Amino acid sequence: MAIDLIAGLALGRSPVVLELGCASGDLLGRLGERTASCTVGIDLAASAVARAARAFPAGTWVVANADRRLPIRDASVSVVLSVHARRNPEECARVLAPDRPLVVIVPAADDLIELREAVFGQRIEHPRAERLAEEHAPYFALVSRSEHRERVLLPVDQLDHLLTGTYRAGRTTAATARASLEPMTVTLASDILVFQVRDQAGSTESGSLARR
C-alpha cells in the first residue's frame, strides 16, 4: 500500500524519502530496494534502528524523537512518510523541499473493530483523519484522502501482537478477554492522507540531507 503510493509519486530523480517512526525499517527498506530513492528512517527505539541498519545497510537510520526536532536540514527531503506514527507538522514542513508531499497513514475509524469489541466489550469507532487534517492545517493543505481496507482471518498470536502494538490491552479490565481470544476475522483499515506544504510555511532554502 504505502510502497505503491510512494513509488507512484512524481518525486524527481533520486528522491530522498524520510519515514518517521520507521521501527525495524521493513517498509522503507523495501521501498529503497524497489526505487532509486535515498531512504532515511527515524525512530526513538535504538534497538529497532539497529535492526533496520543490519537488515538494510543502504539506508540511513537515525535514533531520534520524530515528533520533536528532526535532525534533518531544511528543504532537503522529497517526501515525508508517517505510517501509524507520531509526527510534528511544523518540522515536517521545515524539512520538505518545495512542492513535495507529506504522506500520513492512520488507522481508520473501524480498524480492528471486531477485536476491540471482543476485548473491551464495545464496538466504538475512533475517527482520526479529520482531527489529523485540522492539526496539520496551519502548515499543510490536504491534497487527497483515500482508504485501504481488507478483512482477514488472524490467529491468536497475531491478534495479541496487534493489541500490544496498537491499543492499551494491558489494562486489567481487558486481561480476561484477551486471555480467551480465539482466531477471528478482523477489519484492517487505514486512512491515507497526502498533504502539501502551504506557501507561508517552511523554508525553501536548499541544503544537504543530514545536520552535522
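**Reading strands, helices and a pocket**

Guide: Start with helix H2 (26–34). Its buried residues pack against helix H1 (2–7), E1, strand E2 (38–43), strand E3 (60–63) and E4. This is a predicted model.

Visitor: Which residues of H2 are buried?

Guide: Leu27, Leu28, Gly29 and Leu31.

Visitor: What are the buried residues of helix H5 (residues 113–120)?

Guide: They are Ile113, Glu114, Leu115, Arg116 and Val119. Then look at what comes after the helix. Glycine 121 follows H5, and its phi is positive, near 80°.

Visitor: Now the strands. Why is strand E4 (residues 79–83) largely enclosed by the rest of the structure?

Guide: Buried means under 20% relative accessible area. Four of the five residues of E4 are buried, so the strand is largely enclosed by the rest of the structure.

Visitor: How many bridges join strand E1 (residues 16–20) to E4, and do the strands run parallel or antiparallel?

Guide: Four bridges join E1 to E4, and the two run parallel. For the register, take glutamate 19: leucine 81 in E4 stands opposite.

Visitor: And how many bridges join E4 to strand E5 (residues 101–107)?

Guide: Four bridges join E4 to E5, again a parallel pair. Here serine 82 stands opposite valine 104 in E5.

Visitor: Which helix makes a β-α-β unit with E4 and E5, and is the unit right-handed or left-handed?

Guide: Handedness is read with the strands pointing away from the viewer; a clockwise path from the first strand over the helix to the second is right-handed. Helix H4 (residues 89–95) joins E4 and E5 in this unit, which is right-handed.

Visitor: Let us turn to a loop. Where does glycine 21 lie?

Guide: Glycine 21 sits in the loop between E1 and H2.

Visitor: Is glycine 21 buried, partly exposed or exposed?

Guide: Partly exposed lies between the 20% and 50% cut-offs. Glycine 21 has a relative accessible area of 26%, so it is partly exposed.

Visitor: Which residues does glycine 21 touch, leaving aside those up to four places away in sequence?

Guide: Ile42, Asp43, Ala66 and Ala85. Check a C-alpha distance too. Glycine 21 and leucine 44 are 23 residues apart along the chain, yet their C-alpha atoms are separated by 7.3 Å.

Visitor: Last, the second largest pocket. Which residues line it?

Guide: Gly21 is one of them. The lining also includes Ile42, Asp43, Leu44, Ala66 and Ala85. His84 and Arg86 are among the lining residues as well.

Visitor: How do the lining residues divide into nonpolar, polar and charged?

Guide: Six are nonpolar, three polar and three charged. The space in this pocket is about 250 Å³.

Note on methods: Residues numbered from 1 in each chain as written. Predicted model: local features only at pLDDT ≥ 70, side-chain atom pairs only at ≥ 80, totals over all residues. Heavy atoms only, no water. 1 Å grid on protein atoms, 1.4 Å probe; cavity = no way out; pocket = protein on both sides within 12 Å on 5 of 7 lines; lining within 4 Å. Points joined across faces, edges and corners; volume = space filled by probe spheres on them. Nonpolar A, V, L, I, M, F, W, Y, C, P; charged D, E, K, R; others polar. Buried < 20%, exposed > 50% of the residue type's maximum accessible area, 1.4 Å probe, protein only. Pairing = 2+ DSSP bridges. Contact = heavy atoms within 4.5 Å.
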